[in-house]
Amino acid sequence: SVARRERPGVPQLAEETPLPPNAASRRLDAEDIERGAIGPDAERTGGIEARGTPADTSPFAPTGIRAGSFVLRPSLEQGAEWSSNASGSAGGSSDILSSTTLRLGIESDWSRHALSLNTFGTYRRSLQGTGFSELTAGLDGSLRLDLGGGFVSTTALGYQRRPESAELAVNTVGRPLRQTFSASTEMAKTIGPVLLSARAAADRNVYADATLDTGGTVSQADRNNTLYGLTLRGGYQVSPALQPFVEAEIGRRIHDARLDSGGFARSATRYGARAGLAFDRGEKFSGEVAAGFLTERPDDSRLASVSGATLDGTLTWSPLRGTQVDLGATTEIDASALAGSAGALVYGVSLGASRELGARLTGSALLSAQLRRFAGTSDSDTTLAGSASLTWWMNRYAGITGRVGHERLSSTVAGRGYGSTTVYLGLTLQR
């Protein structure tokens with residue numbers, strides 16, 4: 001029994017009445033309600049000591065650095081690389097290289113809009129005094145604004161600096177530099193199950209001079225061009241997971257030089273149409289695939305149009321926790337300065353997979369293929385590449401990475417093909 005407490009408005013228990021189970025708890029609740037500590041509709045929860053800490057499903061994922069409403073994710077790879085063909089070109093020689101890669105990812109932590117930025121740079125230089133050095137770098141960023149009323153605006157910027165195999169002649173040394181600048185803006189509107197969007201884009205390509213094996217250089221300035229394009233898209237949401245769509249594209253490729261060194265007017269008008277399906281089953285399965293037709297018709301009637309069927313798509317599949325498979329396909333037109341050809345239709349496909357192999361071991365693999373067919377000629381290039389890597393994590397912030405890869409280019413043009421095998425071992429740091 002308990003002593004009677006005379007407090008107005010609070011239910012009282014008689015002295016001779018035994019306490020039923022949890023009566024003390026119910027009386028404390030009534031007293032707390034009276035003094036305003038809790039509301040009458042509050043739910044009782046278990047003791048704090050009974051709550052466990054959830055397990056970390058990705059113990060070696062980068063934690064990031066919070067800076068206001070942004071999260072920064074920097075990483076560094078530093079190691080040594082052996083390559084059977086350091087320049088990745090016909091006639092290239094083996095070398096031992098120092099390889100340094102810096103990456104930085106920035107993501108906003110906003111409730112409504114979204115901003116992301118990713119940048120990287122890889123610098124490779126010879127440790128054997130051959131004088132070889134190469135810098136590959138890239139940047140891409142996007143800003144997504146929810147304007148309300150079903151309108152969404154997306155603006156994107158990008159930059160790539162990378163070497164490429166010269167097309168002008170087979171007697172070139174190394175790979176000349178190619179820089180690509182890109183910008184786009186898209187406005188999308190949702191009307192019930194219908195999605196409508198319009199995207200305007202501009203891509204500029206700048207080519208550096210190629211070095212000849214006989215000495216001297218040859219200019220590739222007549223390849224410099226800017227592609228402007230407008231793409232209209234309409235889709236219908238059959239279900240939350242499926243959305244068929246159609247696209248129409250029109251564009252104009254303008255070369256800096258009205259006539260190239262061979263006297264050809266290479267500027268061209270671009271047309272394209274695609275139909276596809278977007279699907280979203282959450283983290284397990286998502287992506288889109290589209291098929292269609294693409295053509296670029298040069299101003300010079302002596303040059304054949306660059307045309308062909310297209311296949312584009314991305315697919316992300318996670319069959320198991322800690323495993324991700326990515327499949328991609330692209331079709332694009334690349335301008336050319338080859339005599340008698342306005343450009344090449346380029347098909348690409350890639351298959352990548354990553355897997356948590358153990359408590360401290362992660363692995364990834366990538367296979368890719370590319371077919372480049374030059375319009376107006378029988379010339380074509382085929383590139384096959386594959387790589388695999390393993391990282392053993394000492395802790396969340398540091399790991400040891402080993403990687404092996406091989407790339408081979410086969411060409412109908414004699415003297416253009418090459419093969420290259422690389423082996424890398426280094427330290428990976430991340431935050």
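A hairpin joins strand 20 to strand 21 through two residues, where strands are DSSP runs of E with at least two residues, numbered from the N terminus. The model is predicted, so that local features need pLDDT of at least 70 and side-chain atom pairs count only at pLDDT 80 or more, while totals for chains, interfaces and linings use all residues. Residues are numbered from 1 along each chain as its sequence is written, and side-chain values use heavy atoms, with hydrogens and water left out.

**Strand pairing**

Strand 20 and strand 21 (residues 398-411) pair in the antiparallel sense over 14 bridges, two strands being counted as paired if DSSP finds at least two bridges between them. Within this pairing, Thr-391 stands opposite Thr-401 in strand 21. Strand 20 (residues 380-395) also runs antiparallel to strand 19 (residues 361-374), to which 13 bridges join it, and here Leu-367 has Gly-386 of strand 20 opposite. The hairpin of strand 19 and strand 20 has five residues between the strands, and in it Gly-376 takes a positive phi near 80 degrees.

Elsewhere, an open sheet of three strands is ordered 7-10-11 with antiparallel pairing. Strand 7 (172-173) and strand 11 (217-218) stand at its edges, and because each has a single partner strand, one side of each is left without a neighbour in the sheet. Strand 10 (residues 210-212) pairs with strand 11 over two bridges in the antiparallel sense, and the bridge partner of Thr-211 in strand 11 is Thr-217.

**Salt bridges**

Side chains of opposite charge can pair when their charged atoms come close. A search of the whole structure finds 24 salt bridges, each defined as a side-chain nitrogen of Lys or Arg within 4 Å of a carboxyl oxygen of Asp or Glu. Three of the pairs are listed here.

| Pair | Closest N and O atoms |
|---|---|
| Arg-73 and Glu-107 | 3.5 Å |
| Asp-299 and Arg-252 | 2.8 Å |
| Arg-253 and Glu-296 | 2.8 Å |

The salt bridge of Arg-73 with Glu-107 links distant parts of the chain, since Arg-73 belongs to strand 2 (residues 70-83) and Glu-107 to strand 3 (residues 95-108), 34 residues apart. Arg-73 is partly exposed, with a relative accessible area of 31%, and Glu-107 is likewise partly exposed at 44%; buried means under 20% relative accessible area, exposed over 50%, and partly exposed in between, for a 1.4 Å probe and protein chains only.

Asp-299 forms its salt bridge with Arg-252 from the loop between strand 15 (285-298) and strand 16 (306-317), whereas Arg-252 lies in strand 13 (residues 242-255), 47 residues apart. Asp-299 is partly exposed at 44% relative accessibility, as is Arg-252 at 29%.

For the salt bridge between Arg-253 and Glu-296, the first residue lies in strand 13 and the second in strand 15, so the pair ties together parts that are 43 residues apart in sequence. Both Arg-253 and Glu-296 are buried, and they also belong to a network of salt bridges whose members include Arg-233, Glu-247, Arg-270 and Glu-332.

**A nonpolar surface patch**

Tyr-236, Val-238, Leu-242, Leu-277, Val-289 and Leu-311 make a nonpolar surface patch of about 520 Å². Patches consist of residues with over 30% relative accessible area and no salt bridge, like charges being joined within 9 Å and nonpolar side chains (Val, Leu, Ile, Met, Phe, Trp, Tyr) within 5 Å, and the accessible areas come from the Shrake-Rupley method with a 1.4 Å probe, only the protein chains shown counting as cover for residues. Leu-277 of this patch lies in strand 14 (residues 268-280) and counts as partly exposed at 31% relative accessibility.

Terms used:
Helices (H or I, at least four residues) and strands (E, at least two) are DSSP runs, numbered from the N terminus.
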